[in-house]
Amino acid sequence: MAERCAVVGIGQTKLSKCRDDVSMAGMCREAAQRALDDAEMTWKHIDAVVIGTAPDIFEGVMMPEIYLADALGAAGKPIMRVHTAGSVGGSTAVVASHLVQSRVHERVLTLAFEKQSEGDTNFAFSSGRSGGVGAGGYFAPHIRAYIERSGAPDYVGPMVAVKDRLNALKNPYAHLQIPDISIEMVLESPMVWAPIHRLESCPTSDGAVAMVLTNEAGGRRAARPPAWVHGTAVRTELGWFPGRDPVNPRAGQDCSADVYQQAGITNPRLELDLAEIYVPFSWYEPMWMENLGFASEGEGWKLTESGATSMEGDIPVNCSGGVLSSNPIGASGMLRFAEAALQVRGLAGAHQIDGARRALGHAYGGAAQYFAMWVVGSQML
Amino acid sequence: MTREPVQFMSHHTKVEYKLPAPSLLSIESAKQLAAGRVVGHKCPECGKVYVPARGYCPLCVIETTAAHEVEVQPRGIVTTFSVITPLQYQGQEEHDDYAQATILLAGTDSTISMQRLDGIPIDDVRTGMRVEAVWLPESERSASPEGAARGFGLGRAITGWKLTGEPDAPVEEYGEHIL
Amino acid sequence: MATWTLEFPYRRSVGPVIGAFLAGLRDQQVIGAKTAGGRVLVPPLEYDPDTGEDIAEMVEVGSAGVVERFAWVAEPMRTHPLDRPFAWALVRLDGADTALVHALDAGSPDACSKGMRVQIRWADERVGHVNDIACFEPEPQK
Amino acid sequence: MRDVAIVSFAQAPLDQPPGQTETMMLIPTITEALGNVGLTRKDVGFTCSGSADYLTGSTFTFVSMLEAAGAWPPISESHVEMDGAWALFEAWVRCQHGDVDVALVFSSGRAGLGHDLRETLLFQFDPYYLAPLGADYVSLAALQADAVLERTGKTERDLAEIVVERRRAAKANPYATISGDYTVDDLLAKDPVAGVLREHDIGPPVDGAAAIVMVAGDRARDLCDRPAWISGLDHRVDPHYPGVRDLSVSPSAKLAGEKAGAAGVEVAELAAVCSHEELVLADALGLGAGCAINPSGGAVVGNPMMVTGLARIGEAANQVMKNGKSKALGHASSGPCLQQNLVCVVEGRN
C-alpha cells in the first residue's frame with residue numbers, strides 16, 4: 001500500500017509579461033518561499049526538490065536544475081527535472097507525489113517555472129528555423145475539426161475566452177486583467193490562426209509555482225488545511241500516426257479514467273466540484289470536457305454555452321482564469337494542479353468555490369499527446 | 001552609495017551545429033521526387049502506407065526498408081487546414097497570411113501536414129477539397145535531400161497543391177485521418 | 001558538411017543581487033554578498049549556497065586578490081574571453097571568502113602561480129556585464 | 001521498499017549508418033533490451049527516458065523518441081531532461097507503488113553530432129556569470145584537476161596511467177569509443193588542452209543510446225537467472241558555482257554513496273568524464289583497493305552524454321547478471337566539476 005500524499009504548502013508568483021525585477025532564480029525563489037511559508041516550513045525541512053520547465057531554449061539555460069540548485073536550497077539534497085512538453089508542470093507534481101507515496105522522501109518541494117521574457121517563445125518553438133507557426137498554428141486544424149465535427153456554434157470559443165478572463169479578475173496572480181472583456185471584443189481581435197482569434201489564445205507569461213508535498217502524518221499536522229491527493233495519472237501517445245484522433249485523444253481519455261478510478265469517481269460532473277483544465281486556446285474547454293468525460297462526444301460545447309463551466313455553474317472550469325489568462329508554459333500545468341488544491345483547501349480567495357471538496361487538475365502537452373492529471377480532495381480518501 | 005542600478009544584461013548565445021548527414025532513406029526519397037515519383041513504405045505487419053517513409057512503422061515499432069517501397073499518386077484530400085498570420089521572430093522568413101493544409105494522399109494511411117496550397121484563394125479553402133501536386137519544373141528539382149522540410153512534407157520538388165476540379169470528397173472518405 | 005547556427009540574444013533581468021554586482025563592475029567596483037554566517041561571496045550569489053537562506057547584505061570588496069588555482073589554455077576557444085593564450089583562474093579578491101572564475105592574462109604559464117597577486121583589468125567600455133572585467137593581470141610589484 | 005531489479009541492458013552500436021536519428025538508434029536497442037528477457041513493448045507498465053534538446057539544437061526532441069518506445073495504445077510515461085540515470089531513478093520510484101512490475105528506461109544523445117560540446121554545455125552554467133564568460137566544462141574541470149592533484153599528491157602521470165588502464169580494459173568493450181594499448185609516455189607527449197588535462201583525459205563526446213529493463217519482485221526472478229537487485233539508489237547535488245566549493249572533494253557523491261550503501265562494492269562503474277574525476281569519486285564513495293573501477297573503460301573512453309550515467313548502471317548490472325559479482329555500483333553525474341551525482345548499488349542474491 002502506497003503512502004498517502006498531502007499538499008500542505010502552495011506558492012505562486014505574480015504572473016506577468018515580464019518579471020523584470022528578478023532573476024530566474026529570484027522568480028523561482030519567490031514561489032518556493034511562499035509555498036514554504038504556507039506550509040510553515042523552512043528550507044531545512046525539505047528532503048528533495050523536483051522541478052519542471054518546458055524547453056531549455058526558452059530561457060537559454062540547459063538543464064536549469066544545475067544552476068537553480070542553490071536558490072532551491074538543494075545543496076546536499078536530491079534535485080531532478082522533469083520535461084514532458086506542455087504537460088510538464090502536471091507531470092512534475094505527479095513525480096513529486098510519487099516520491100512521497102513511495103516513501104522515498106517525506107517532504108518534497110516541487111516547482112515549475114517559465115521566464116519567457118528572457119527569450120522568444122516562437123523562436124524557441126521553431127528552434128530559430130523559418131516557417132514556425134507557433135502552438136496556435138499547430139492546434140488550429142484540430143480546433144477546426146472539432147467545430148466541424150460537433151457542429152458547435154461559433155460563439156462558444158469566444159464565450160470561454162470571456163469567462164476565463166472574467167475569472168482572472170478575481171485572481172490577483174493572473175497575468176491578463178481585462179475588465180471590459182466581451183464577446184464582441186474577442187471577435188474583433190485579429191484572427192491569428194483561423195479559427196483562433198488573438199483573444200481566444202493564451203498570453204506568454206513569466207511566472208513560477210511551487211508546492212510542498214508530504215505524507216499522511218505531515219498532512220494531519222499541517223499548519224493549514226491540506227489537499228489530499230486522491231489519484232494521479234500520466235498517459236502519453238504518439239503525436240502522429242495514421243488514424244490518430246487528436247481532437248479527442250485516447251491518452252487523455254485513458255488518463256482521466258485511471259485517475260477517476262483511483263479517486264473512486266464514476267461520474268466526474270457530479271462528483272467533482274470543479275476542474276482546472278489546461279485550455280491555452282478557448283475551444284479546448286469544450287474539447288477537453290468531452291475528453292475528460294464531463295460530457296459525451298459532441299456535447300462539450302453545451303456545457304460552456306449553458307454556463308455549467310462558469311463559477312456559478314455545476315462544474316466550474318478554470319476559476320483562476322486558467323491558461324487563457326496566464327501562461328508561463330512550463331508552470332501552466334502545475335498551476336492547474338495547485339489551483340485545484342487551493343480550492344479544496346478553501347484558500348483560493350476571491351475565486352474560491354464555496355465548499356469545494358474534490359477537484360481535478362489537468363495538463364496536456366506536445367501534439368495533444370502528453371497528459372497528466374490529479375484529483376485532490378479536502379478529506380483523506 | 002547609490003548608483004544607477006543594472007536591471008538587464010544581454011546574453012548573446014551562439015552555437016554552431018553540424019547537421020547530420022542525410023539518411024539513405026531521405027536521399028532515396030529526394031531522388032524519386034526529383035524524378036516526379038512519390039514513394040513511401042508499406043508496413044509488412046499492419047499494411048499501413050507511410051509517405052514519406054520513415055524507415056519504421058511507429059505503430060508496430062518495426063523497421064521498414066526499400067523492400068517495402070510503394071509508389072503512390074501525387075494527389076489527395078485536404079483533411080483540415082488553418083490560415084496562418086506568420087508570427088515574427090528571429091529567423092522567420094514568412095510575412096504574408098497563407099493557408100496551410102493537411103493532406104491525405106491517395107492510397108496511403110498517412111497525412112502530410114503544413115502543406116501550401118497553390119492558386120486557391122484563402123477564403124475558398126475548405127476541408128474535403130481534392131488536390132494534386134504542383135511540381136517544380138524538372139530542371140529545377142534537386143535530388144539532394146537538403147532543405148527538405150523536417151518530417152512534415154515532401155521536400156521541395158513539390159511546391160504546393162492545386163485543385164483537381166473534381167467534386168469535394170465526403171467526410172467519410174477522410175474523417176479518420178484528420179491529422 | 002552542412003551546419004546551422006542556433007543564435008539568440010537573451011535579455012536577462014538580473015534582480016537586485018546580480019544587478020548590484022554588475023552595476024559595481026560598470027563603475028569599477030566589486031560588490032560581494034555576505035551570508036548570515038558572515039561568508040563573503042564574490043561574485044555575489046543570490047542565496048547562501050550552503051544553507052539556501054537569503055544573503056544578508058551586499059559589501060564592497062577589493063579589485064585585486066590572490067590566485068587560488070589556474071589552468072593554462074594554450075589555444076583559446078572562440079567563446080573564451082581572450083584570444084591569446086591565457087589561464088583560467090580562481091581568484092579570491094581581497095575581502096572575499098570565495099573565488100571568482102575569470103581569465104588571467106599573464107603571458108605564459110610560467111608567469112602564473114598559486115598565491116600570486118592579481119588585479120582586475122577593466123574593459124574600456126563597461127555596460128554592467130561580467131565581461132566588464134576584461135581579465136585579471138599580475139599586480140605590479142610594490 | 002519493494003524489491004526491484006535490473007534484468008536487462010542494451011546499448012546502440014557505435015557504428016551507425018549515415019543520417020541515423022536518435023529514434024532509429026533506439027528502436028533496435030529497446031527491442032533488444034526487452035527481447036533479452038522475453039518481453040515486448042506491450043509488457044511494459046511504465047516508461048521513462050532521458051535526453052537533452054541542446055545536443056541537437058532543436059526543441060522537443062524527446063517527443064520523436066516516443067516512436068521507439070511504442071506509444072500506441074497510450075502508455076504511462078515520463079521524461080527527464082537529464083542523464084538516463086535519473087530516468088531510472090524515476091522509474092524505480094514508480095515501481096515502488098506496487099501496480100507496475102515492468103519498467104522500461106532509455107536515453108539517447110547526440111553529443112557526437114559535430115558541435116563542440118564545450119560550447120554547447122556553456123548553456124548548462126549560470127547564465128549571468130559563467131555562461132557569458134565562456135567558462136567551458138573542460139576549463140572548469142582543469143581547475144578541479146589541479147585541486148585534486150594538489151590534495152592527493154598525484155601527478156599528470158597518474159592521470160595518464162588511469163587512461164592507459166581504461167583504454168586497455170575497453171578493448172573488451174565493443175561500445176567503447178577509444179580502446180587499445182597506449183603508453184603513459186605517448187599520452188604525455190601531447191600538449192595539454194587546459195591546465196593539466198590533455199585530450200586523453202577527456203572522454204570524447206559521442207552519440208549513444210541505451211535501454212534498461214527493470215522488473216519488480218518475483219517476476220524479476222522468473223525473467224532473469226541472476227537479476228541485479230537495486231539495493232540502494234540516491235542522488236545529491238552540490239552548490240553550483242565552482243568558486244564556492246572545495247573542488248578536490250565531492251560531498252554530494254559522498255552523501256549519495258552513503259545513502260545508497262556503496263560500502264563494500266566489488267565493482268564500480270563511474271561516470272568520470274575526465275580522468276581526475278575518478279580520483280574524486282573513488283575517494284567520495286570509499287572505493288577500496290579491492291574494488292575494480294570501470295572495467296568497461298568508463299566514460300573517459302567515450303562520453304555519450306545523456307547515456308553515460310545510464311550505461312554505467314547498465315554495466316554495473318551486467319557485472320552482477322553476467323559476471324557473477326555480488327555487489328556493484330553504477331554512478332552518474334551532471335553539471336560542472338561533478339556538481340550532481342547519482343549512485344545506484346545493485347546486488348546479486350543466491
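**Exercise 1. Determine how much area is buried between chain C and chain A, and what share carbon and sulfur atoms give.**

Solution. In this predicted model, local features need pLDDT of at least 70 and side-chain atom pairs count only at pLDDT 80 or more, while totals for chains, interfaces and linings use all residues. Residues are numbered from 1 along each chain as its sequence is written, chains are lettered from A in the order in which they are written, and side-chain values use heavy atoms, with hydrogens and water left out.

Step 1. Buried area is the accessible area (1.4 Å probe) that two parts lose on being put together, summed over both. For chain C and chain A this area is about 1800 Å², with 52% from carbon and sulfur atoms.

Step 2. C:Y10, C:S13 and C:Y47 supply 31% of the area that chain C buries against chain A, more than any other three residues.

Step 3. Contact (heavy atoms within 4.5 Å) takes in 21 residues from chain C and 28 residues from chain A.

**Exercise 2. State how many salt bridges are counted between chain C and chain A.**

Solution. Step 1. A salt bridge requires a side-chain nitrogen of Lys or Arg within 4 Å of a carboxyl oxygen of Asp or Glu. The count for chain C and chain A is two.

Step 2. C:R12 forms a salt bridge with A:E118, with the closest N and O atoms 2.8 Å apart.

**Exercise 3. Describe the contact between chain D and chain A by residues, area and salt bridges.**

Solution. Step 1. Chain D places 54 residues in contact with 48 residues of chain A.

Step 2. The two chains bury about 4500 Å² between them, 66% of it on carbon and sulfur atoms.

Step 3. The count of salt bridges between chain D and chain A is zero.

**Exercise 4. Locate D:R245 and identify the backbone oxygens that its side chain reaches.**

Solution. Step 1. D:R245 lies in the loop between β6 (228–237) and α10 (251–260) of chain D; helices (H or I, at least four residues) and strands (E, at least two) are DSSP runs, numbered from the N terminus.

Step 2. D:R245 is buried, that is, under 20% relative accessible area (1.4 Å probe, protein chains only). D:R245 has no salt bridge, and the nearest side chain of opposite charge, D:D238, is 4.5 Å away; Lys and Arg count as positive and Asp and Glu as negative, with His and the chain ends not counted.

Step 3. The side chain of D:R245 reaches the backbone oxygen of D:P239 at 2.9 Å and that of D:C337 at 3.0 Å.

Terms used: Buried means under 20% relative accessible area, exposed over 50%, partly exposed in between (1.4 Å probe, protein chains only). A polar contact is a pair of N or O atoms within 3.5 Å; within protein, one must be able to donate a hydrogen and the other to accept it, and residues adjacent in sequence count only if both atoms are side-chain atoms.
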